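Here are some exercises to work through with the viewer open. Try each task on your own before you read its solution.

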Amino acid sequence: MASPKRKDSISSQVTIKILIPSFTVGAVIGKGGEVIKAMKKESGAHIRVSQNGKYYPTTNERIAFISGTNEQVHQVICEINEKIRNDKPPENKKISLDLKERKTQMKLII
């Protein structure tokens, strides 16, 4: 039987899946994974992004899996959202109304 401490720590862990636009994944991961490693270290959360070319069905967005306490997950979501809002699409990508609107959204997978 699990001790009360163990049970509480398990129940306080959450996992969230969010969508990240393909044009912004580089800003979230960083060169050589530096940015995502820093987010993991600072927050204490576990973060994993789907492989290159693996998109959420019918989208061009990759899935980020974030696990940790509510506070850890919240911190990572805020940082990723900031990257989405501030990252510029590649020069060769026409900025459409959809892309401008996408920068104002956070998409959760339920």
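**Exercise 1. A loop residue**

Where does T58 lie? Find the place, then look at its backbone and its exposure.

Solution. Before you start, note that this is a predicted model, in which local features need pLDDT of at least 70 and side-chain atom pairs count only at pLDDT 80 or more, while totals for chains, interfaces and linings use all residues. Residues are numbered from 1 along each chain as its sequence is written, and side-chain values use heavy atoms, with hydrogens and water left out.

Step 1: T58 lies in the loop between β2 and β3. Helices (H or I, at least four residues) and strands (E, at least two) are DSSP runs, numbered from the N terminus.

Step 2: The phi of T58 is near 65°, a positive value in a residue other than glycine.

Step 3: T58 counts as exposed, at 87% relative accessibility. Here buried means under 20% relative accessible area, exposed over 50%, and partly exposed in between (1.4 Å probe, protein chains only).

**Exercise 2. The overall layout**

How many helices and strands does the protein have, and which pattern do they follow?

Solution. Step 1: There are five helices and four strands.

Step 2: Along the sequence they come in the order α-β-α-α-β-β-α-α-β.

Step 3: Of the 110 residues, 33% count as buried.

Step 4: Take the contacts (heavy atoms within 4.5 Å) between residues at least 6 apart in sequence; 65% of them join residues at least 24 apart.

**Exercise 3. Pairing the strands**

Which strands pair with β3, and in what sense?

Solution. Step 1: Two strands pair if DSSP finds at least two bridges between them. β1 and β3 are joined by eight bridges and run antiparallel. One position to check is I18, whose bridge partner in β3 is A64.

Step 2: β2 also pairs with β3 in the antiparallel sense, over four bridges. Here H46 stands opposite S67, and I47 stands opposite I66.

Step 3: Now follow the side chains along β2. I47 and V49 point to one face and are buried, while H46 and R48 point to the other and are not.

Step 4: β3 itself is mostly covered, with seven of its eight residues buried.

**Exercise 4. Two sides of a helix**

Which residues of α3 are buried, and which exposed residues does the face turned away from them carry?

Solution. Step 1: Helix α3 spans residues 34–43, and its buried residues are I36, M39 and S43.

Step 2: Looking down the axis of α3, these buried residues fall within an arc of 55° (taken from the directions from the helix axis to the C-beta atoms), so they line one face of the helix.

Step 3: The face turned away from that buried side carries the exposed residues E34, K37, K41 and E42.

Step 4: What do the buried residues of α3 pack against? Their partners are α2 (25–29), β2 (46–49) and α4 (70–86).

Step 5: After α3 comes G44, with a positive phi near 85°.

**Exercise 5. The nonpolar core**

Which elements give two or more residues to the largest nonpolar core?

Solution. Step 1: A nonpolar core is a set of buried Ala, Val, Leu, Ile, Met, Phe, Trp, Tyr and Cys residues joined through side-chain atoms within 4.5 Å. The largest one has 16 residues, and those with the most contacts inside it are I20, M39, I47, I66, V76 and I80.

Step 2: The elements asked for are β1 (14–21), α2, α3, β2, β3 (61–68) and α4. The largest share, five residues, comes from α4.

Step 3: Select I80 and leave aside its neighbours within four places in sequence. I80 is then in contact with I18, I20, V28, M39 and I66.

**Exercise 6. A charged pair on α4**

Which side chains meet in a salt bridge?

Solution. Step 1: Search for a side-chain nitrogen of Lys or Arg within 4 Å of a carboxyl oxygen of Asp or Glu. The structure holds one salt bridge, between the side chains of E82 and R85 (2.6 Å, N to O).

Step 2: Both residues lie in helix α4, three residues apart, about one turn of the helix. An α-helix has 3.6 residues a turn, so residues three or four places apart point the same way.

Step 3: Both ends are partly exposed: E82 has a relative accessible area of 36%, and R85 is at 42%.
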